[in-house]
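Me: Please take me through this entry slowly. For each label that is used, I would like to see the value set beside the cut-off that earns it.

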Amino acid sequence: MIKILLTILLFASTGAWAAGSSAPKLDIGKGGQCVKDTQWMRKNHMHLLKHQRDEALRRGVRDAEISLKNCIECHASVQDDSVIAREDSFCVGCHKYEAVKLDCFECHSGTRKSAWLQQRNAK
Ligand code: HEC
Ligand code: HEC
Ligand code: HEC
């Protein structure tokens with residue numbers, strides 16, 4: 001039963017943005033596999049992030065996979081290494097469209113700073 005449900009969710013998530021009439025086309029970033037199912041992430045990423053922040057700040061428990069840095073590692077654009085620089089940048093693009101304020105990047109970096117980037121720039 002769960003398997004069937006997951007399959008339906010996966011199919012439902014494919015191209016969902018393209019189907020939405022005025023939804024922006026987001027620059028999804030580097031690609032790969034999200035930390036959870038896409039459909040689930042769309043609804044629940046904020047809970048994941050806030051939970052992770054509380055864990056880190058209050059209990060000193062860190063989970064590298066769910067750190068903001070890791071999200072940005074994948075979701076920053078391959079053009080400008082940012083999740084916030086442009087209208088279609090991943091985090092900001094969707095938040096603007098949904099009219100949800102996002103103040104995280106007043107403190108946290110919204111750009112990729114990885115070995116991958118350094119390697120690429122060295123070429
Ligand atoms: C290894 C790369 C990778 C990591 C790490 C990653 N993501 Fe993703 N994420 C993706 C990809 C690729 C998709 C798009 C999948 C698709 O379109 O089917 C996605 C989808 C999403 C979506 C849904 C987007 C939509 O169009 O509905 C959200 C929201 C999201 N990710 C947030 C996050 C957050 C928050 C984190 C950090 C906790 C994170 N992601 C970490 C690769 C990643
Ligand atoms: C597919 C669209 C979409 C993408 C992509 C997306 N978000 Fe969101 N985000 C939302 C929506 C919609 C809400 C509000 C949900 C609600 O209020 O129930 C939200 C809420 C949040 C919240 C909670 C805000 C608050 O004040 O409670 C945080 C934090 C957040 N997103 C962070 C991120 C980060 C970081 C990224 C990029 C890694 C990202 N989001 C990408 C749609 C998106
Ligand atoms: C006023 C500055 C400030 C703002 C605004 C802020 N943070 Fe943080 N955040 C911090 C500091 C400082 C830490 C602790 C850094 C550390 O010890 O790693 C932290 C830690 C975190 C962590 C745990 C470390 C990690 O990356 O795993 C997460 C997740 C996180 N914040 C998410 C968010 C999200 C999501 C938002 C927006 C809703 C946000 N923060 C807004 C300052 C801020």
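**Labels and their cut-offs**

Reply: Sorted by class, the residues of the shell around ligand 3 comprise six nonpolar, three polar and three charged ones. Here Ala, Val, Leu, Ile, Met, Phe, Trp, Tyr, Cys and Pro count as nonpolar, Asp, Glu, Lys and Arg as charged, and the others, Gly among them, as polar. The model is a predicted one, in which local features need pLDDT of at least 70 and side-chain atom pairs count only at pLDDT 80 or more, while totals for chains, interfaces and linings use all residues. Residues are numbered from 1 along each chain as its sequence is written, chains are lettered from A and ligands numbered from 1 in the order in which they are written, and side-chain values use heavy atoms, with hydrogens and water left out.

Me: What makes a residue belong to the shell around ligand 3, and which residues are they?

Reply: A residue counts as near a molecule if one of its heavy atoms lies within 4 Å of it. Those around ligand 3 include Leu49, Gln52, Arg53, Arg62, Leu68, Asp103, Cys107 and His108, and helix 3 provides the largest share, five residues. Helices, incidentally, are DSSP runs of H or I with at least four residues, numbered from the N terminus.

Me: How do you know that histidine 108 is a donor to the iron atom of ligand 3?

Reply: Donors are N, O and S atoms within 2.8 Å of the metal (3.2 Å for Na, K and Ca), and water is not among the atoms, so sites may look incomplete. The NE2 atom of His108 is 2.0 Å away from the iron atom of ligand 3 and therefore satisfies the limit, and it is the single donor from the protein there. Histidine 108 sits in the loop between helix 5 and helix 6 (115-122).

Me: Which polar distances link the protein to ligand 3, and what is the limit for calling them contacts?

Reply: A polar contact is a pair of N or O atoms within 3.5 Å; within protein, one must be able to donate a hydrogen and the other to accept it, and residues adjacent in sequence count only if both atoms are side-chain atoms. An oxygen atom of ligand 3 is 2.7 Å from an N or O atom in the side chain of arginine 62, and a backbone N or O atom of leucine 68 lies 3.3 Å from an oxygen atom of that ligand, so both pairs fall within the limit.

Me: Why is the site of the iron atom of ligand 2 called octahedral?

Reply: Six donors count as octahedral if opposite donors are over 155 degrees apart and all others between 65 and 115. The six donor atoms around the iron atom of ligand 2 make angles of 86 to 179°, and the site is classed as octahedral. From the protein, His45 (NE2) and His95 (NE2) coordinate this iron atom at 2.0 Å. Histidine 45 lies in helix 3 (residues 38-59) and histidine 95 in helix 5 (residues 90-98), so the pair ties together parts that are 50 residues apart in sequence.

Me: Why do histidine 45 and histidine 95 get their accessibility labels?

Reply: Buried means under 20% relative accessible area, exposed over 50%, and partly exposed in between, with a 1.4 Å probe and protein chains only. Histidine 95, at 17%, is therefore buried, whereas histidine 45, at 26%, is partly exposed.

Me: What is known of the site of the iron atom of ligand 1?

Reply: The protein donors are Cys34 (SG) and His75 (NE2), lying 2.0 to 2.3 Å from the iron atom of ligand 1. Angles among its six donor atoms run from 85 to 177°, and this site too is octahedral. Cysteine 34 is partly exposed at 31% relative accessibility, and histidine 75 is buried at 16%.

Me: What makes aspartate 27 buried, and which side chains does it join by polar contacts?

Reply: Its relative accessibility is 13%, so aspartate 27 counts as buried. The side chain of aspartate 27 makes a polar contact of 2.8 Å with the side chain of serine 77, and another, also given as 2.8 Å, with that of arginine 86. Contact in general means heavy atoms within 4.5 Å, and beyond its neighbours within four places in sequence, aspartate 27 is in contact with residues including His75, Gln79, Asp88 and Phe90.

Definitions and conventions. Tetrahedral: all angles 85-135°; square planar, octahedral: opposite > 155°, others 65-115°. Helix = DSSP H or I, 4+ residues; strand = E, 2+ residues; numbered from the N terminus.
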